[in-house]
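Reader: I have a model open and would like to go through its interior with you. Could we start once it is on the screen?

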Amino acid sequence: MHFLILPALFLGSLALTTPAVGQQVFNVRDAGATGDGETLDTTAIQKCLNDCGQAGGGVVLLPAGTYLSEPIKIRTKTTLRLERGATLLATGDRSAFERDNEPGKFDHFLTGKDLEDVTIEGEGTIDGGGQAWWEAAEAARQAKSGYTLPRPNLIVLTRVKNLTVRGVTIQNAPKFHFVPTECDGVLVEDATFLAPERAPNTDAIDPSMCVDVVVRRCVIDVGDDNIAVKSGKRADGREFAAHGLTVTDCTFKHGHGMSIGSETVGGVKDVVVRDCTFENTVNGIRIKSDRKRGGTVENLTCENITMKNVAGAITITSYYPKIPATDEPQPVTKTTPKYRNITIRNLTATSTKDAGFLVGLPESPIENVLLENVTIDSQRAGLEIRHVRGVVLRNVNVTAAKGEPLVVGDAEPVID
């Protein structure tokens with residue numbers, strides 16, 4: 001298995017913590033930013049980001065204050081540092097995000113492409129001002145179930161080598177909060193992600209087609225996926241577009257859990273989730289995809305997990321969004337979900353709904369699953385195991401308020 005804790009990555013992140021001797025600091029106040037929360041400071045902030053990039057790198061500093069801004073772009077070898085009391089606040093003016101001649105398309109708030117050594121850090125806050133967007137989005141979803149009203153994401157950084165987010169609070173995104181895309185070497189540590197429980201589609205961290213991602217000691221309390229590993233297309237030069245993710249010592253509060261999918265066409269390999277707690281989340285551990293957006297997901301290890309009042313502890317299914325009661329085999333295609341080599345051990349959970357699901361496809365069963373030292377207390381149904389090959393239950397205790405603790409179909413679990 002390919003593990004993620006790479007000395008080079010962490011040495012790089014440590015080097016970014018303290019500016020090198022002679023490293024330039026670009027204070028947005030010196031460039032004319034007011035920080036009064038009412039005046040647009042976009043020009044001053046972007047000037048500092050541009051000057052920093054042109055100088056070959058440095059620190060763009062936001063002292064205490066509230067800096068109202070339209071969309072901005074970060075540059076290579078740049079550290080964006082928000083001091084305690086500093087808030088970078090996205091404007092609520094929808095027109096600032098609209099793309100010319102592209103109705104329904106929006107620019108994201110903080111973006112950057114084809115960069116290296118980018119850091120966002122400090123004790124301050126990046127606030128997406130999502131309240132200006134959520135009401136219309138929720139109304140659209142109520143009118144059409146599953147519909148996602150187009151909105152900007154808060155932070156989208158694409159093809160960055162060595163990307164670090166440290167210490168900051170990232171909150172109230174119009175849609176997703178932090179989306180590293182096709183990045184190599186991502187470290188997110190000691191950060192906080194916040195949005196109201198019912199704020200629509202407000203995923204916290206969505207690594208998309210990334211390699212070597214570490215998320216540790218974060219608090220995540222949002223309205224959708226706490227973390228969602230995505231792999232929407234194949235990557236040139238490697239078998240798995242998303243390869244290597246470690247999540248450790250994180251606290252998941254409201255949200256839809258630790259997810260892989262729903263886009264897995266490019267494949268996902270080597271995901272480790274360890275020493276995490278979940279409380280009041282809609283899901284716990286989750287793999288979600290379907291026949292149109294599936295791919296290979298292999299080597300998922302989850303251990304030392306505590307869940308309280310989650311609406312389903314384990315949801316690993318090749319159907320999304322709903323699992324049918326019955327199904328017939330269909331031809332295997334390039335987008336047929338394939339899940340294999342899944343280990344969940346040392347998990348204790350209380351579920352407000354079903355214990356969970358391990359449900360593959362009749363034409364593509366889930367393969368090689370180990371549940372070890374797992375205890376789930378469910379207020380509804382038990383754990384359903386359907387279309388699974390090679391499942392071992394070792395010291396597994398499921399209690400269900402309704403029906404049998406294990407609901408098995410097209411599977412022969414080995415129970416130790």
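Reader: Which residues line the largest cavity?

Author: Bearing in mind that this is a predicted model, the largest cavity is lined by Pro 207, Cys 210, Val 213, Val 229, Ala 242, His 243, Gly 244, Leu 245, Val 268, Lys 269, Asp 270 and Val 271. Strand S18 (242-248) and strand S21 (268-279) each supply at least two residues of that lining.

Reader: And how do the residues of that lining divide into nonpolar, polar and charged?

Author: The lining of the largest cavity divides into eight nonpolar, two polar and two charged residues.

Reader: What volume does the largest cavity have, and how many cavities of 30 Å³ or more turn up in the whole structure?

Author: Its volume comes to about 60 Å³, and a search of the whole structure finds three cavities of 30 Å³ or more.

Reader: Moving on to the cysteines, how many disulfides does the structure hold?

Author: The structure holds zero disulfides. Cys 218, for instance, is in no disulfide, and the nearest cysteine sulfur, that of Cys 250, is 4.8 Å away; Cys 218 is also buried, with a relative accessible area of 1%.

Reader: Why is Cys 48 not bonded to Cys 52?

Author: Cys 52 holds the cysteine sulfur closest to that of Cys 48, but the two are 8.7 Å apart and therefore too far for a bond, the cut-off for a disulfide being sulfur atoms within 2.5 Å. Cys 48 counts as buried, at 4% relative accessibility.

Reader: What about the largest nonpolar core: how many residues has it, and which have the most contacts inside it?

Author: That core has 98 residues, and those with the most contacts inside it are Leu 88, Ile 120, Phe 178, Val 188, Phe 193, Val 247 and Met 258. The largest share of the core, six residues, comes from strand S23 (residues 296-310).

Reader: Take Ile 120, then; which residues is it in contact with, leaving aside its neighbours within four places in sequence?

Author: With those neighbours set aside, Ile 120 is in contact with Leu 80, Leu 82, Leu 110, Ile 126, Ile 155, Leu 157, Thr 164, Val 165, Arg 166 and Val 168.

Reader: One last residue: is Asn 172 buried or exposed, and where does it lie?

Author: Asn 172 is buried, with a relative accessible area of 11%, although it lies in the loop between strand S11 (169-171) and strand S12 (178-181). Beyond its neighbours within four places in sequence, the contacts of Asn 172 include Asp 127, Gly 128, Trp 134, His 177 and Pro 196. The C-alpha atoms of Asn 172 and Ala 90 are separated by 9.7 Å, with the two residues 82 apart along the chain.

Methods
Residues are numbered from 1 along each chain as its sequence is written. This is a predicted model: local features need pLDDT of at least 70, side-chain atom pairs count only at pLDDT 80 or more; totals for chains, interfaces and linings use all residues. Side-chain values use heavy atoms; hydrogens and water are left out. A nonpolar core is a set of buried Ala, Val, Leu, Ile, Met, Phe, Trp, Tyr and Cys residues joined through side-chain atoms within 4.5 Å. Buried means under 20% relative accessible area, exposed over 50%, partly exposed in between (1.4 Å probe, protein chains only). Helices (H or I, at least four residues) and strands (E, at least two) are DSSP runs, numbered from the N terminus. Contact means heavy atoms within 4.5 Å. On a 1 Å grid over the protein atoms alone, a cavity is a set of points where a 1.4 Å probe fits but cannot get out, and a pocket is an open set with protein on both sides within 12 Å along at least five of seven lines; lining residues have an atom within 4 Å of a point. Grid points are joined across faces, edges and corners, and a volume is the space filled by probe spheres set on the points. Ala, Val, Leu, Ile, Met, Phe, Trp, Tyr, Cys and Pro count as nonpolar, Asp, Glu, Lys and Arg as charged, and the others, Gly among them, as polar.
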